[in-house]
Every structure is written in structure tokens, then in C-alpha cells.
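Thank you all for coming. Please take a moment to look over the sequence and the structure before I begin.

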Amino acid sequence: MVCLNLPAHLRYLPENVYLAGVIPGPTKPSTDQINHFLAIVVDEFLEFWDPGVFYTRTALKPQGRRARAALVPVVADLVGARQIVGFGPHNHNKVLCTICTLNADNVEETDPANFKARDRDEHRAAAKAWLDAETTLEREALLIKTGVRYSELLRLDYWNPFLYTVVDTMHNLYLGILQRHVRSLWGINVKMDDGDASELDSTSSPPLPDKEDMATGLRALLYGTKSELSKVGKGVLYHLCVERGLRRAGTVSQLVKNLVAWVSMYGDKLTPQIRASEKTLAGPKAATALPRKHKETLIAMCAIRGLSTEGVKDVLAQRLIDWRAHGAETGINQDSTGEPEECDEDDDNQPVRHGREAIGRDTLAAYRQDRARIEVPSWVNPPPVAFGTAQHGKLSADQWRSLCTINLPITLIRTWGMQEERRVRMLKNFLDLVEAVERFGVLETDERNISTAESLMHRYLEGVKELYHGAKIQPNHHLALHIGIFLRLFGPVHSWRAFAFERFNYFLQTLNSNMQFGELEMTMMVQSCRAANLRPLLRSPVVARHMQDLSNCLKATEKNKRRGMRFDAILRSVAPAPDLPQGEPYRGIRPAALDSAVYIALLSRLNADEAHAYVDERTSSKRHNQVFLSSIAKFCATLEISGVHYKPHRRSAGDSNVIFRHPATRQAHPGRIEQIFQQTRRRPGGQEVTETFLVVKQLQELDVADAAKDPYRKYPGVGGCLYYDAYQEKPVVLRVQDVVSHFARTAMDHLIIPRPSDHDIEDPGSGGSSASSTFSSRCVHVRPLDRVSVSSFMCSGRVPDDHIAVAGSTCNSRAKQRGNGKSLVYSNIIAHFVRSHAQNFELRVGNLTVLS
């Protein structure tokens, strides 16, 4: 458990995480046995809520005060969350979703207007009925009927099982949807060329039934009832969908729904045989050629037109000819399908791909090529070089995020984005998901950002249903449509996702023990308490002064672990105080004079904020309200801004690539840190200040002709853009607050751009062809790594002015999150409780998690 009142940089430290208990093994408790352990925790929080606990003395209230505490929300994976709050399994038809009443048969519904919110009173009544049942069989029957069992959390009057059971974005988005898209929807095969994934199924496809069963299914489809169609068997329904190019994934109910919709709404999208027969019917030889068609084809054509389906082929063909002769138009307008009337010959310009795995040897070769050329900051946890092969092992949530939001977009835009229409559509669909995930995960959010993310997720799921007919829509996909609810209630996800708790789980698993159940649990409790007490003790000034070596080793160990999303989110919340040095000077380096160009840039930067208060020390005159600016500075090896380290290029290429915004321009630009220095100066008022500055050289932008060729600018949300691989000679000096974020830099001297007339697929590793063009100079790709917001302002030149954070009672601007203010650490749930329980008390909010 953690206290949400603590700021994020303190909230998840081991000394501030409360291990409420360890459930004895060797196996996890059954569905309702968890209640015995929950009851112990709930008993404590019942007293903390009403009447509360009175402390006779606190640090700020010597006379004492009453404190109350609430236990929300539950942060866990899908299985753990459902067990702890009393819902049935995720595949239960009645409780597919813990927020709305959508059942499993309608899992492909993506319109929020059709989502009906669950009723809290009905849920409590169903849970009480389960609790009052006298036998296990009665409880099982009630669980099957309602999908609800009793949870000890329901003893808390304020507990809302729908709103306080969050959709954890780490499990739902990174380990769930992103991983599933790459591994299941696309598929990976290092031994084959790239395919188009059109033939991949989420589950094994049923064998083709015999002709008699298929004929029975076809008759039920064309002129039977919905009930009759549902009885022909899943195998028949599956292959009826395959023959008609319909979605073939899901339950029997979903397959029937797809076929019924095809008959009623999409009857013009028929098989090639029916299309050919329609041509025959409209041609001059219909009387002799039409009777030779298959009877099933003629039956289907008659059924579509509302004609009788009785009789032999000659009778059916004559019936169609008579219908045509009486002035009726052909049932299928060939032109309306968007296909040419004659399609006998293949288009030589369009590649023919197999329908299996989309990520084959070509895409993997391009990925490895880009992976070797990319520079990322040290806090990014990169995916393995051997991704897609057996030896790379299991990817973590951090690695899936880096792979899908950084590496794959860079590779796929330059490869798939130049290929045939289906591959481009697959790319756009994937980038919709990537942008939605990025928007859901930003450290500052507002209603516009949440609504955009929800729209992107909706568009992504609609695209999945259209592109991947064999892909089953999973409960995770549906739950992702509800993430916006929790963003509006709890604020940005970094305050309520599972990264920190999974890290604590890893800490428990790595403790030395004898693995004796009964003793193991106490070992975990004791060791976690020792670690919680030792860390703040070693950081105390007294211990640090007398045990300097040990203290330095501890700091070095902590610094080495600063990688991944958990540390990124926590460390960014630490805001440096203004006008205090954050740089770490080189050891043994004495102060030295700044280069003339750097000194002039420093003067310009300071005077932009302080109304020309500083004058070049090389001049002989100044006004009474001005001071001479010293050119002496101390050079630094690293600079820490909100817990993130920035370094000069010669020390770390990845940590030197920054996006910055200088006050001389409203645009953000990419550049490279050349130097970091501390400079001490005297202000006009007489006070002396020491401040850290960065010397940056800006990347050169593309000219108009080359910018038009840039394939990445088509996807401004997450695609990044290209710049020339050259830097402007004039340096720029930045203050700490001018730094926006790091960026990922990828050399693109291997990039080949096909001309508009070139439809061939270029080998990612080849040198191009005569039908392709290149840029006028070598380029690099810039992918901003801004965790505060997702925007396209860098390449388009627009800066959003009205992006204000929403996080309970705290609203901070973008600049504050990036280094000169306090981060967003409070949850909207605090404000929610104050509004819902308007009483004069101090509210402390706990956060419960399941460690599995």
C-alpha cells in the first residue's frame, strides 16, 4: 500500500511502501479465500473512516487532530483485480467488463454510446445473495448467473467496485494490446518473407465441413432464420464467413451476427463466383451461360433479389433472366465495389504477399539496421537487438513500450509506408494505437488529450476488425476504451499504474530465503522492513558524513537503476529549485573563461528574461541599473533536471540529444549539448547567484523540397521527422527551463524514397534503384521523447499554449513539469472524496495493490 498524499518522487520509495501482508503459499488463494486476508486490512480502514483516528500530537498540530483514511483504488492485473473485488473471470459472459454491462457476445462493440454503466446497488445485492447462500453449489449457480461474488471491500461504505478497480495501463496497454498486436495480429517469422497477416487467426481454424453441411449452412444463411443459422455449427459458420470475406473470429453468436449483417447490409460484397455470374446475367450470352453456373450461386442470386429459390438450375437461371428482362437492375453494382470490371490479369506493379506473418526477414533486417543506428538516452530501456528470434527471451513492459513507440514506427514508416495499400493501412492502424498509448501515458493531461486518445483507440479497434478478420477482440481491447474514465477521476496514470508495485514484487522475489513456506512470509516482512529503515538511515546527513564511502556506493547503485518507465515517471517529478546549480562539475577542473561565441549567447539568453540587465564585461560603460557579466565558468560533466541526466556529447551521445525552446523563438528545436557549465554572477540588486547553463547546437532543418519527401511528417503524432545531419555553427545557451525533453536520434543515410510512380518494394538493406530518389544531404530522424505530452509542434512549428494539466487540486503548466516547478503527483480521488464526504477532517488516501 502507498499513500497518495505523498508526492510521486517519495510515494514509491521502499521506505514509504507499506507491505500489508504476504499470503502463505505454495499456491495462490482460491477465488473467495482472498477474503480472509482482505478482512484484516478492511477492519483497520473501517475504524480509520468512521470515526477516524485521533492523534494527540502531530508535527503541525501540537494540540492533536483527527485523521481519516480511505482505501482506493485497486491496482492489479486483470486476474488479480477481479479476484480481489469479487468479479467472475474475464471470460465470464456477464462480467466481461467491470465498468459497463456489455457481455462477451458483444465484445466487438466499440461505440461508447452503447455502454451501459453498472449499478452499484444491484452489484451489492448480488454479492449479498452470494454471501447468504447456504451451500457451495448455490454460490456457484449465483456466480454463473450474475458473475459476482462477495468481497470484503464491500464493507467499506464508500467502496465503488466499478470506479475504484482501475484498468492498469502497464498490463492492459504494454503487456496486453501492444504485445498482442505485434505477436498475434501481425505475427513474427524469421524464416519467411513479410506477409500481410490476412490469413492469421487468433485461434486454430476449424476444418472445412463436408459439402452437405456447407450447403445446409448456405441455405440457412440465404433464406433461413437467425435461429436456424446458429444451429449449423461453428465450423460451417466460420467457413461461410471466410468465403464471403467477413470477420471469422469470435463466438458462434458473433459469427451469426456477421453473416446476418452481410445479408442485410452488405449483400453486394459477394464471392468471385457470384460476381462472375452477375456479369454473365448482364451480358448477351446469359441464356446459354447462366444455367451452367453452380446451383448454390444461382440460389444465392435469387435469394438476394427476393426470388423463389426452388427448382433446378435451368429454372433458377430462367427466373433470373426474366427478372432482368423486366427492367430490374443487376443486384450487385460492380462499379460500386471500387473494383475494375475486368480483373482476369494480375497487376504486375502490385506485389503478391502470402497471408501469414507480417513481420518476416525483411522487416526484421530493417529493424536491426535502424537499431544499430539509433541513439537513445540512458533512461530508455531498449528492446533486444535479436527481437523476433528465439534467443531474445521475454520482453518486459518497458521493452514492449520502447519497441512499439520508438523502434517500430521509425522502421515501419520508411518501409511499410512505401509499400502497397494494405501495408500502409496496417501501418496507419498501428500508429493509431501507438499515439493512443502515448496520450494515455503522459504526465500531464486535459480533457482534449483524453478525448483524442479515446477516439484513437476507437479508430484503432475499428481498423483491427476491418484489417484482421481472424483476430479476436479481447476483453483488454474493450477495457482500453474505459481508461479515460480513470484519467478523469484519478489524474495522469503515473500515479496509479503497476510499475512501482511490480518492482516491489521483484524485490521480494530476490530476497535470500530457504523457501520454507511458513517461514518465507515472515522473512519477506522482516527484510522489507529492514530495507525500508536502512535506506533513509544511510541518506541521513550524520551517517553520510561519517560513512562517506558507503553513502557514495549507495548513490551510485541507485543511479545505475534509473532506467525504465517507473524511474522515469518518479524522477521527473523531482523539481529543482530555481537559480540553484544542478550541474556536477568535472573533478579537478578549475574555472575557465567561456568561448566568445558562448559568452555572447549567454548574454543574449539572460537579457531575454531580465530586461537587458547584463553588459559585456569587455565594454567600458554601463547604466546604473546594469551589471557586468563575468565570463568565468566551471564546466560540468552532467546536469540533472527533474531526476533525468543530461550530458555533453563527448560523454554520452544519447543523453546529449535534446529538444529545447529558446525565448527568441516560439518553436521547439532539436539539438546537441556541447557543454554544460556553472556560472556565478551578481544581479542588479546586488545578490549573487549560481546557475547551470547548457550550450547547444541546433540541427539544420530540411529545405522545402526535401521536407516534401519526408515520409515521417505524414504521421505527426508519433512519427517524428527528418533533419539534416549537420548542426548550425552558432551556439545557443539554454537555461534549465528551456529544456523540453530528450529525443531519439537515428542516422538515415540509408533511407531511399520511392518516386510517386514507383510501386516496387525496396529491399530495406539495398542501395535503391533508378526509380527512387534521395535527399540533397544526409539526414537523421528525430523522435521526441517528451513524456509530458504528445504533440506535433516540433515538425509543424506549432506550440500548444493552452495545455494545462488536470490532477485534482493541482494544475501545473508544462514548464513546471519539465524542471522549474512541482510535478503532478496528487490524484483526483482526493478531491472526489472531499466533495463526496464534505466533513472537516484530514484525508489520507491509501492505494491497494495485489502482488502476484
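I will talk about the nonpolar cores, then about one buried residue, and then about a pair of helices.

Please keep in mind that this is a predicted model. The largest nonpolar core holds 140 residues, and those that touch the most other members are Leu153, Trp159, Leu173, Trp186, Met457 and Tyr468. Helix α17, which spans residues 421-440, gives the most to this core, contributing 10 residues. If we leave aside neighbours within four places in sequence, Met457 is in contact with Leu173, Leu433, Ala436, Phe440, Ala480 and Leu481. There is also a second, separate core of 28 residues, and Leu221, Trp262, Cys302 and Leu316 are among them.

Next, let us turn to Ile673, which lies in strand β12, residues 669-682. Is Ile673 buried or exposed? Ile673 counts as buried because its relative accessibility is 0%, and the cut-off for buried is under 20%. Its contacts beyond four places in sequence include Tyr646, Pro648, His649, Val658, Leu694 and Val696. As for His649, this residue is 24 residues from Ile673 along the chain, yet their C-alpha atoms are separated by 5.8 Å.

Finally, a pair of helices. Two packed helices are described by the angle between their axes and the distance between those axes. For helix α15, residues 361-373, and helix α16, residues 397-415, the axes come within 9 Å and cross at roughly 115°, and the crossing is right-handed. Residues making this contact include Ala366 and Tyr367 of α15, together with Leu403 and Ile410 of α16. Sorted by class, the contact has 5 nonpolar, 5 polar and 3 charged residues.

Definitions and conventions:
Residues numbered from 1 in each chain as written. Predicted model: local features only at pLDDT ≥ 70, side-chain atom pairs only at ≥ 80, totals over all residues. Heavy atoms only, no water. Core = buried A, V, L, I, M, F, W, Y, C linked by side-chain atoms within 4.5 Å. Buried < 20%, exposed > 50% of the residue type's maximum accessible area, 1.4 Å probe, protein only. Helix = DSSP H or I, 4+ residues; strand = E, 2+ residues; numbered from the N terminus. Contact = heavy atoms within 4.5 Å. Axes fitted to C-alpha atoms, helices over the stretch in contact; angles between N-to-C directions. Left-handed = near helix turned anticlockwise from the far one by under 90°. Nonpolar A, V, L, I, M, F, W, Y, C, P; charged D, E, K, R; others polar.
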